[in-house]
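Trainee: Could you walk me through how to read a ligand site and some backbone oddities in a model?

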Amino acid sequence: MADYNVIVIGAGPAGYVAAIRCAQLGMKTACIEKWTNDSGKQILGGTCLNVGCIPSKALLDSSHHYYFMKKHAAEHGILFDNLHADVAAMQKRKGEVVTALTQGIAGLFKKNKIDSVEGLAKLLPGKQIEITAYDGSKKTLSADNIIIATGSIPVTIPPAQVDNQYILDSTGALAIDAVPAKLGVIGAGAIGLELGSVWCRLGSQVTVLEALPDFLAVADRKIAAAAQKELKTQGLDIRLSAKVTGTEIKDGQVVVNYEDKNGAQQIIVNKLIVAVGRKPFSEGLGAAEIGIKINERGFIEVDANRQTAVPGIYAIGDVIGGPMLAHKGSEEGVMVAERLAGQKSEMHYDIMPWVIYTHPEVAWVGKTEQQLKAEGVEYNVGQFPFMASGRARAHGDTSGMIRLLADKKTDQILGVHIFGISASELLAEAVLAMECQASSEDLARTIHAHPTLAEAMHEAALGADGRMIHA
Ligand code: FAD
Ligand code: NAD
């Protein structure tokens, strides 16, 4: 008999959620996690809680408060002297937020009677796992089923080698201890824009170098254009079609050479963040050795049940590819756990919420206008500007809009794209509507409280039928 019904490898948002759901469904569950602090104490939560979603949002929130005080507090009649940012205090607060949440997962494991095993897991034939602990000791555990959730790490590029002193990956960028006068960022994706925003708000002169010719190429074109314009106003100098050719550390600064359509260019910055994507992590796992298929990009291959080429071994989260998002991994964890328990759980990848936590935020679900055009789908658009929202006016935060796309024939909502205040929270209504295959008329007939930002969604739904009230 195996030691466990299920062993999960990795306690990031994919793995820890999978473990909790397995335990809820009555399976004897263990979760193996190698992340420790300097004294060897295990830390749960993976990339997301320790060096990803949560610390970045803590710094985004702190820097937003500072920026608001500096730029907008006077509009609200709030006046003060001697405003300054204490980066050390912000970093301390960030650490406290992370610690509270990672310890919370340890508490959840205890509550659900999940054995949390510290160490690096290596797969052995016959659903055995060898675990090497921080202190070097080894043990072997077995399970009826194994769920791999080993996550991802930052992509590196040869012309900008990360040293985490001058040239930083996202982890280094979250730990900067003083505002750099000049900051360079390679990559105008989620990390580049979020962390670029943090340091820009705190006073850095930020230049973002993006290889592609289009800003936020995956987003709705009108939303991307509005976001680009607003971020420029805030001070982010975003340079497109910029291909970095080399970097050099000179006199304590980073010289960054790049090429754009005008030829060779150069910027000199105090720090450079490299944010050009993430790649799957399965080093030391021994997956290929036991017959698990790994594709040419390093992702573990899985079937519709998220089962690998080895029966009884599953994989979820960043390590299998698709959107590298915490909520995507968590939902896969729930789905695999429930399928192991005999349920027929499904998840809809085409109704995946995306958010970029700039200010205001960019958020979307479903198809963009350019995708619908390419697919030849006829659609109606409802577009409502936050300028016309009473609540956004009261906040003093009126940039952006909601764009709702609905099928011309059936009226089913096909996509919702937001650039504006609290876009991440507003998006949830659109995601639910799309999960329920709602029409724009369903949203238009739903009573929304006044005055709320959510009324903007109501108006966008009315707009798909050409009957907006307030714009
Ligand atoms: P991970 O979170 O990477 O966890 C994998 C875990 O497995 C790690 O703890 C690792 O130590 C452990 N592990 C690996 N190999 C082994 C082994 N052999 N034995 C034992 N343990 C092992 N996503 C969002 O949805 N929203 C955001 O706002 C967001 N912000 C981000 C900001 C930043 C700066 C970064 C870097 C990422 C952000 N992401 C965000 C992405 C998100 O963090 C990832 O999509 C998510 O963490 C993936 O979850 P996961 O469980 O698959 O992997
Ligand atoms: P990303 O894929 O979001 O963006 C990378 C950007 O870098 C792209 O625009 C790409 O065109 C550009 N790029 C690639 N190579 C380049 C080069 N050599 N020179 C210049 N530009 C280059 O990746 P990321 O921002 O590093 O984030 C990594 C992952 O983490 C993403 O999958 C993302 O989904 C996830 N993440 C999500 C959030 C969120 O949900 N809010 C926040 C941060 C990270």
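Mentor: Sure, we'll take the ligand site, then the cysteines, then the backbone. Keep in mind that this is a predicted model.

Trainee: Let's start with ligand 2. How many residues surround it, and which are the closest?

Mentor: The general idea is to list the shell before looking at single contacts. Here 20 residues surround ligand 2, and the closest are Ile191, Glu194, Glu210, Gly277 and Val355. By class, the shell splits into 14 nonpolar residues, three polar ones and three charged ones.

Trainee: Which helix gives the most to that shell?

Mentor: Helix 6, residues 190–201, which contributes three residues.

Trainee: And the polar contacts? Which atoms of ligand 2 do glutamate 194 and valine 355 approach?

Mentor: With a polar contact, ask whether the protein atom belongs to a side chain or to the backbone. Glutamate 194 uses a polar side-chain atom, 2.8 Å from a nitrogen atom of ligand 2. For valine 355, a backbone N or O atom sits 2.7 Å from a nitrogen atom of the ligand. Methionine 324 also brings in a backbone N or O atom, this one 3.3 Å from an oxygen atom of ligand 2. As for cover, the protein takes up 74% of the 840 Å² of accessible area that ligand 2 has on its own.

Trainee: On to the cysteines. How many disulfides does the structure hold?

Mentor: Zero. You can still sort cysteines by how much of each one is accessible. Cysteine 48 has a relative accessible area of 10%, and the cut-off for buried is under 20%, so cysteine 48 counts as buried. Cysteine 53, at 28%, is partly exposed.

Trainee: Now the backbone. Where are the cis peptide bonds you wanted to show me?

Mentor: Omega is the angle to check. One cis bond joins histidine 359 and proline 360, with omega about -10 degrees. Proline 360 lies in the loop between strand 18 (354–356) and strand 19 (361–366). Another cis bond runs from histidine 450 to proline 451, with omega near -5 degrees. Proline 451 belongs to the loop between helix 12 (440–444) and helix 13 (455–463).

Trainee: What about phi? Which value does asparagine 164 have?

Mentor: For phi, look at the sign and at the residue type. Asparagine 164 is not a glycine, yet its phi is positive, about 55 degrees. Asparagine 164 sits in the loop between strand 7 (152–154) and strand 8 (167–168), and it is partly exposed, with a relative accessible area of 38%. Aspartate 411, not a glycine either, has a positive phi of about 70 degrees. Its loop runs between strand 21 (401–407) and strand 22 (413–420).

Technical notes. Residues are numbered from 1 along each chain as its sequence is written. Chains are lettered from A and ligands numbered from 1 in the order in which they are written. This is a predicted model: local features need pLDDT of at least 70, side-chain atom pairs count only at pLDDT 80 or more; totals for chains, interfaces and linings use all residues. Side-chain values use heavy atoms; hydrogens and water are left out. A residue is near a molecule or strand if one of its heavy atoms lies within 4 Å of it. A polar contact is a pair of N or O atoms within 3.5 Å; within protein, one must be able to donate a hydrogen and the other to accept it, and residues adjacent in sequence count only if both atoms are side-chain atoms. Accessible areas come from the Shrake-Rupley method with a 1.4 Å probe; for residues, only the protein chains shown count as cover. Helices (H or I, at least four residues) and strands (E, at least two) are DSSP runs, numbered from the N terminus. Ala, Val, Leu, Ile, Met, Phe, Trp, Tyr, Cys and Pro count as nonpolar, Asp, Glu, Lys and Arg as charged, and the others, Gly among them, as polar. A disulfide is a pair of cysteine sulfur atoms within 2.5 Å. Buried means under 20% relative accessible area, exposed over 50%, partly exposed in between (1.4 Å probe, protein chains only).
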